[in-house]
Amino acid sequence: MLLLAACGREQAAPPPPPAPKVEPPPATGDYKPKPSPTLAAVKARGWVSCGVNPGLPGFAYADDRGAWRGFDIDICRAVAAAVLGDANAVRFTPVDAAERFSGLRGGKIDILARNTSWTLARDAGEGVDFAAITYFDGQGFLAPKSLNLTSADELNGARICVQRGTASETNVEDYFKARGLKYTPVVTKSESEARALYQSEGCDAFTADVSALASARSVMNSPNAHVILPTVISKEPLAPVVRQDDPVWTDIVRWTVYSLILAEEFGVTSKTAEELAKSSVDPRVRRLLGVEGDFGPLMGLRRDFALQAIMQVGAYDEVFARNLGAQSALKLERGHNALWSAPMPGLLYAPPAR
């Protein structure tokens with residue numbers, strides 16, 4: 001019986017052989033990033049090519065003399081200063097919303113700085129990378145003050161102007177559908193067309209990013225006759241965009257932006273940067289301004305790349321104030337775009353330069 005019982009049992013599988021021990025390769029510290037073809041092209045031609053909004057006061061517009069000005073313009077100028085040592089070594093190409101990514105992928109521009117929201121579909125599906133958030137925005141609604149509206153929900157049944165090919169077009173549809181409300185979209189090719197149609201009462205309200213609405217209102221015939229409703233229906237993190245196939249160029253644009261943010265955090269301005277590079281004993285400031293460390297050469301730049309950007313363009317608070325804030329026609333509050341460490345903290349945050 002014992003023999004039969006033993007025969008009826010399955011034979012136990014032999015234990016697996018021990019896994020071979022794999023030793024990790026020694027850390028040599030000799031990694032070198034691949035050269036950036038975009039950086040090489042920029043240095044060879046002597047200027048940065050930047051795609052911008054054709055006309056959005058505060059962000060990108062040509063003044064009466066044809067000189068480009070605005071928040072996004074200054075971001076491009078900062079990159080030119082970091083890469084070439086000259087903030088004026090940049091050429092601006094107006095691009096519309098529908099063609100902005102194809103123009104970047106096709107090599108017509110090196111950077112797209114066109115109040116463009118960072119979304120999953122764009123990041124993963126357009127062959128591009130978003131370097132760093134420069135402005136935290138959200139979509140809102142502009143309406144006549146005479147209507148005495150207090151919420152976007154009161155726009156049920158309204159005609160709403162919205163620009164084609166933007167995130168705003170999808171966001172407003174989602175907002176009304178989720179609440180069981182009705183609206184009639186009045187779709188336009190450009191922001192300026194939407195603004196003109198709204199002013200001529202071709203629609204009852206105008207929807208776009210809150211910053212774009214503030215910009216549009218500032219150039220209307222009677223700015224005080226229009227209000228931006230308190231309802232914000234989306235998150236719109238705006239960022240400069242670069243091609244996905246050049247990670248070093250992405251780092252260059254990213255750390256140029258972060259350098260401006262760190263400059264504000266450390267109290268460095270365009271007027272004090274040069275002197276602080278000589279006199280500051282703060283290791284963070286000395287690293288930022290290229291006095292200590294070799295961070296610029298890691299990206300193929302000079303050690304003082306951030307110093308040049310800050311000296312020639314300014315820290316983030318200077319760029320914001322003159323284009324969007326107290327020194328501008330828009331008079332926007334910092335809000336979410338305040339530093340994380342401000343008395344009224346915002347979302348603005350840069351990784352450490354170390």
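This dialogue explains how to read the cavities and one sheet of a predicted model.

Q: Which conventions apply to this model?
A: In this predicted model, local features need pLDDT of at least 70, side-chain atom pairs count only at pLDDT 80 or more, and totals for chains, interfaces and linings use all residues. Residues are numbered from 1 along each chain as its sequence is written, and side-chain values use heavy atoms, leaving out hydrogens and water.

Q: How many cavities of 30 Å³ or more does a search of the whole structure find?
A: A cavity is a set of points, on a 1 Å grid over the protein atoms alone, where a 1.4 Å probe fits but cannot get out. Grid points are joined across faces, edges and corners, and a volume is the space filled by probe spheres set on the points. The search finds two such cavities; the largest holds about 220 Å³ and the second largest about 50 Å³.

Q: Which residues lie nearest the centre of the largest cavity?
A: Lining residues have an atom within 4 Å of a point. The largest cavity has 19 of them, and N115, Q163, T166, S168 and D209 lie nearest its centre.

Q: What is the strand order of the open sheet?
A: Strands are DSSP runs (E, at least two residues), numbered from the N terminus, and two strands pair if DSSP finds at least two bridges between them. Here the five strands follow the order β10-β9-β11-β8-β12, with mixed pairing. The edge strands, β10 (183–188) and β12 (226–228), each pair on one side only.

Terms used
On a 1 Å grid over the protein atoms alone, a cavity is a set of points where a 1.4 Å probe fits but cannot get out, and a pocket is an open set with protein on both sides within 12 Å along at least five of seven lines; lining residues have an atom within 4 Å of a point. Helices (H or I, at least four residues) and strands (E, at least two) are DSSP runs, numbered from the N terminus.
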